[in-house]
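Got your viewer open? Let's take a short walk, one selection at a time.

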Amino acid sequence: MYTKEEAQALLKKVLSYSKADECEVGLNFRMGGNIRTAQNAVSTAGETDTTNIFVSSTFGKKTGSASINEFDDASLEKVVRRSEELAQLAPENPEHMPLLGPATFKPSATWNADTAAMTPDTRAELIAQSMKATKEAGLVQAGFLENSSGGAAVMNSKGLFAYNKSSDVTFSVTTRNDAGTISGYAARGFTDIKKLDTYGATKIATMKANASKDAKAIEPGKYTVILEPTAGAYMLENMFRFDARSAEEGRSFLSKKGGTRLGDQLMDEKVTIYSDPFDPDLPSATWDRDGLPLEKTYWIEKGVVKNLSYSRYWAEKKGVKPVPGPSNIIMQGGNTSLEEMIASTERGILVSRLWYIRMVDQQSLLLTGLTRDGTFYIENGKIKYPVKNFRFNESPVIMLNNVEALGKPERAISVESYRSYMIPPMKVRDFTFSSLSDAV
C-alpha cells in the first residue's frame, strides 16, 4: 500500500523523466484475497497484489501511453520514453484537451481499516458461516467472497495531484438442491466488513431455493411486479451514464428531436436518482479520471431529468461547464416494506433476481433478460406459489413511469458489471414478460 506521500514522491520521480509538452502519470495499487466454494466445499482460494504505473505523453495533439510494473529508476525512465515514442507515432487527436492544473479534492470515505486488514482466516470464517446455513437447509452452495484494498494516484506536468485509497468486500452465493431443480441467490457488498453477515445472507438464499420447489408455469404477459433490490440493480444499470453527447447526437434514451430530454418529466415523480461520493453506505473517490472534483449530483429528481454529464471536450464544444459522470448511483426510496408491497398486490410476480440482460433498442432502452433464483406468484396479497422463470422485454424508462411504491434503498451488487448501487425494492405495474423459460 502506498501512502499519499509515498505515491506523490514516486510519481514526481516518474514525471521528472518527461520531455513531452504535457505528461500525466498515474499509480494503481490493489491487494486482496478471495475464496470460492462449490458443492459445500472450498474449491479455490487466493491472494492478489498488483501495482502498476501508467504514463501518457503528449506532443501537440498526439498522445501515447505506456504502463509498467517495475519500479527501479531505469524501468521508470523506460516507460516514459516508450510513451513518448508512441506519442510521436500517433495521429493527432482532434478531441484532445489540455491537462488540468492544480486542484484540491475533499477526502473520501472509501477506506476502512478493518476491511483492509482481512486475512485468509477471516475469509475462511465468513465462508464457514455461509456453508453452515446451507447445510442446515439441506442444500448445496456455490459462493464467492472477495476483499480488496488499494488506491490510485495521478500527477501531471501542470501541477495536478490526486490520491485516493479504498477497501471493500463482496460476497455472493447460489444455493440449490442436489438435483439442481431449485435455486436461491444472495449477494452483499460493503466498505465495512463488520456489516457483512454471510450466515444471514445465505439463509435468505436457502429460503428462496426451498420455496421455489415445484414451480408452476403461468402465462406470460403484463404483470404487477415487485423487484427486490438485486433485480432492480440489474435492470436499471443500463441507464446510469446520463451522457450529454450521446443524447445530443440522438443515440440515447435521453435524446429527442432537436435536443435532449434535459428538464423533461421523463419518469414518475417518485423517482429520484443521484450520485454522491460522500454517501456513507456507498462512498466513492472524490475526483474523476480527468482530475475534476466530484460532488453530489442529481440526475433524475422527482422524475425530471436534472443533469447530463459533459466530458471536457463536449462541454467546451457546447459552451457549458464540464459535468463528471456518476461515480456511484443512489436511487432514493420510500417507506413501503417488501411485506407491504406483497400485501397490497392483488395479482403479481415477486422477482428475486434478473439475469443475462441485453440491449434490444438503445434509444428506447428496451432490454431483454430472464428472471432466476426465486420467482413467485402473488394473489390477493399473499405469495401463492413459485413460478417458472420468464423472459422479459421491458425498458427501465417505461418501468420507472409505472412505479407504485418504493422501499428503503439497499446496497445491491450487479454481477453483470460487478458494480454496487443503492437501490430500493420497487413495486411496478404492467411489467412485460414475453415468454416462459425452463432455466432454473
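The tour starts with a sheet and ends at an arginine.

Bear in mind that this is a predicted model, where local features need pLDDT of at least 70, side-chain atom pairs count only at pLDDT 80 or more, and totals for chains, interfaces and linings use all residues. Residues are numbered from 1 along each chain as its sequence is written, and side-chain values use heavy atoms, leaving out hydrogens and water.

Start with the sheet: 6 strands, antiparallel, in the open order 3-2-1-4-5-6. Strands here are DSSP E runs of at least two residues and helices are H or I runs of at least four, numbered from the N terminus; two strands pair if DSSP finds at least two bridges between them. Select 62-68 and 183-190 next: these are strands 3 and 6, the edges, each with a single partner strand, so one side of each has no neighbour in the sheet.

Now add residues 161-176, strand 5, which 8 bridges join to strand 6. Click V173 and you'll find its bridge partner in strand 6, A186.

Show residues 198-211 as well. That's helix 5, lying across strands 4 (140-156), 5 and 6, at about 155 degrees to strand 6 (contact means heavy atoms within 4.5 Å; axes are lines fitted to C-alpha atoms, for helices over the stretch in contact, with angles from 0 to 180 degrees between N-to-C directions).

Last stop: R312, in helix 8 (residues 312-318). Is R312 buried or exposed? It's buried (under 20% relative accessible area, 1.4 Å probe, protein chains only), yet R312 has no salt bridge, with the nearest side chain of opposite charge, D290, 5.0 Å away. A salt bridge needs a Lys or Arg side-chain nitrogen within 4 Å of an Asp or Glu carboxyl oxygen. Instead, look for the backbone oxygen of P98, which the R312 side chain reaches at 2.6 Å.

Definitions and conventions
Buried means under 20% relative accessible area, exposed over 50%, partly exposed in between (1.4 Å probe, protein chains only). Lys and Arg count as positive and Asp and Glu as negative; His and the chain ends are not counted. A polar contact is a pair of N or O atoms within 3.5 Å; within protein, one must be able to donate a hydrogen and the other to accept it, and residues adjacent in sequence count only if both atoms are side-chain atoms.
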